[in-house]
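Please open the model in your viewer and keep the sequence panel beside it. The tour below moves from one selection to the next and says what is there.

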Amino acid sequence: MVRSVDKHNDVLCAAITEFAKKGMVATTMEAIATRANVSKRTLYKHYSSKDALFDAVVALLFQRLANLPEVQYQSDVPVREQLKQLAQLSIGLSADPDYMRLSKIVIIESMRSESRAKRLDEQFKGCEQGLHSWFIQAELAGALGQFDAKLTASLFFGGIKKMTFWDQAIRWQHQVNEEELSHLINQTCLFFEKGLKQ
């Protein structure tokens with residue numbers, strides 16, 4: 001049983017590497033089998049097609065997202081401290097090499113295929129709900145003032161991801177260092193805190 005699990009993990013790791021390097025179209029099942037050090041027969045025993053294997057790789061990303069905790073709004077804790085927690089959780093994903101590789105795979109395949117993009121979009125809905133729910137709770141508690149939870153969350157995470165996710169995923173920039181991250185988090189949270197008080 002252990003061998004089977006190990007082989008399965010080897011196949012998924014190999015598929016991640018191949019898809020990230022070449023994209024789905026240029027990746028072959030033979031290349032994945034070779035990288036995983038398994039026979040093609042063993043590979044097809046686990047996955048009937050390249051599409052099935054791609055879907056399994058994408059599922060790893062969604063599993064990672066599903067593990068994000070739901071952050072509760074707390075009326076007795078300063079808003080800036082709560083925003084810092086949200087920012088750190090979001091940044092934690094961008095710092096995960098596997099998450100970044102998988103994200104690039106999903107982005108590339110979404111651009112290549114409209115039908116696949118629609119399926120991926122459906123899968124992504126709700127994945128980060130644990131982070132966004134804080135804004136919904138804050139709005140209900142009156143902590144967002146005149147601002148809408150959905151828009152506020154989009155602006156907050158959009159700003160964070162511009163510096164920590166998109167620059168790495170699209171522009172191949174290096175990961176932001178700890179000092180820059182701390183400055184980014186403090187400035188972003190201060191900006192939103194002051195905006196919400198107006």
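## First stop: a buried glutamate

Select E193, which counts as buried because its relative accessibility is 11%, where buried means under 20% relative accessible area, exposed over 50% and partly exposed in between, with a 1.4 Å probe and protein chains only. E193 sits in helix α10, residues 178–197; helices here are DSSP runs of H or I with at least four residues, strands are runs of E with at least two, and both are numbered from the N terminus. Now show R80 and L83, with which E193 is in contact once its neighbours within four places in sequence are left aside, contact meaning heavy atoms within 4.5 Å.

## How to read the model

This is a predicted model, in which local features need pLDDT of at least 70 and side-chain atom pairs count only at pLDDT 80 or more, while totals for chains, interfaces and linings use all residues. Residues are numbered from 1 along each chain as its sequence is written, and side-chain values use heavy atoms, with hydrogens and water left out.

Colour next by pLDDT, the predictor's confidence in each residue from 0 to 100: the protein averages 84, and 92% of the residues score at least 70. Among the elements, helix α2 (residues 29–36) has the highest mean, 94, and helix α7 (residues 114–124) the lowest, 77. Where pLDDT is low, the predicted coordinates should not be read in detail.

## The whole chain

Zoom out to a cartoon view, where the secondary structure comes to ten helices and zero strands. The C-alpha atoms fill a box of roughly 65 × 35 × 30 Å along the principal axes, and buried residues make up 42% of the 198 residues. Among contacts between residues at least 6 apart in sequence, 70% join residues at least 24 apart.

## Two nonpolar cores

Select V11, F19, I32, L43, Y47, L53 and V57, the residues with the most contacts inside the largest nonpolar core, which has 31 residues; such a core is a set of buried Ala, Val, Leu, Ile, Met, Phe, Trp, Tyr and Cys residues joined through side-chain atoms within 4.5 Å. Helices α1 (2–26), α2, α4 (50–66), α6 (97–112) and α9 (149–169) each supply at least two residues of this core. Apart from this core lies another, of 24 residues, among them V71, L86, L131 and L196.

Finally, centre on L53: which residues does L53 touch, not counting those up to four places away in sequence? They are V11, L12, A15, F19, M29, I32, L43 and Y47.
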